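Reader: I am new to this structure and would like a close look at a single part of it, namely the place where two helices pack against each other. Please take me through that part carefully, and tell me also how far the model can be trusted there.

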Amino acid sequence: MRKGPSLQHFIVRAEMIQAYRSAVRATRPLPDPRTRRETLDFLRTDLERLRGEYDLNKLKSNLSHFNRTLKQMLPAIGLNGLTQGERGSRLIGQKKTIKDLLR
């Protein structure tokens, strides 16, 4: 008999969603929509692999890895966020919600 997810699971999943949303916001300055989509797809692959994972240590470890990867990537490609009044590029590709990613 398998127990359901604990409160910690929900907290870690919420942190993952928050980290992915910050990645989406951080990639807005990319001028090419295809490059932005590819960057987000690259970052999303780690989260999609964890869809059915219940091991809290593994979830926390992958969240740390995601945040570390994001911090390393953004300065390397010159993404410091949008200045006020600037609009980012529109995404091209299939639309998936965050909840779809973590199901």
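**The pairing of H1 and H2**

Author: Among the elements of the protein, helix H1, residues 7-26, has the highest mean pLDDT, at 90, whereas helix H4, which covers residues 98-101, has the lowest, at 62. The model is a predicted one, and over the protein the pLDDT averages 78, with 71% of the residues scoring at least 70.

With that in mind, we can turn to the pair itself. Two packed helices are described by the angle between their axes and the distance between the axes. For H1 (residues 7-26) and H2 (residues 33-49), the axes come within 10 Å of each other and cross at roughly 165°. An angle over 145 degrees counts as roughly antiparallel, and H1 and H2 are therefore roughly antiparallel to each other. The crossing in which H1 passes H2 is right-handed.

The residues that make the contact can be named on both sides: H1 contributes Met16, Tyr20, Ala23 and Val24, and these meet Arg36, Leu40, Leu43, Arg44 and Leu47 of H2. Sorted by class, the contact of H1 with H2 holds seven nonpolar residues and two charged ones, with no polar residue.

Helix H2 also holds a salt bridge within itself, in which the side chains of Arg37 and Asp41 meet at 3.7 Å, N to O. Both Arg37 and Asp41 lie in H2, and they are four residues apart, which is about one turn of the helix. A search of the whole structure finds four salt bridges.

One further residue leads back to the beginning of the chain, and that is Leu56, which lies in helix H3, residues 56-76. Although Leu56 and Val12 are 44 residues apart in sequence, their C-alpha atoms are 7.9 Å apart in space. Leaving aside residues up to four places away in sequence, Leu56 touches Ser6, Gln8, His9 and Val12.

Methods: Residues are numbered from 1 along each chain as its sequence is written. This is a predicted model: local features need pLDDT of at least 70, side-chain atom pairs count only at pLDDT 80 or more; totals for chains, interfaces and linings use all residues. Side-chain values use heavy atoms; hydrogens and water are left out. Axes are lines fitted to C-alpha atoms, for helices over the stretch in contact, and angles run from 0 to 180 degrees between N-to-C directions. Helices (H or I, at least four residues) and strands (E, at least two) are DSSP runs, numbered from the N terminus. Angles under 35 degrees count as roughly parallel, over 145 as roughly antiparallel, 65 to 115 as roughly perpendicular and the rest as oblique. A crossing is left-handed if the near helix is turned anticlockwise from the far one by less than a right angle, and right-handed if clockwise. Contact means heavy atoms within 4.5 Å. Ala, Val, Leu, Ile, Met, Phe, Trp, Tyr, Cys and Pro count as nonpolar, Asp, Glu, Lys and Arg as charged, and the others, Gly among them, as polar. pLDDT is the predictor's confidence in each residue, from 0 to 100.
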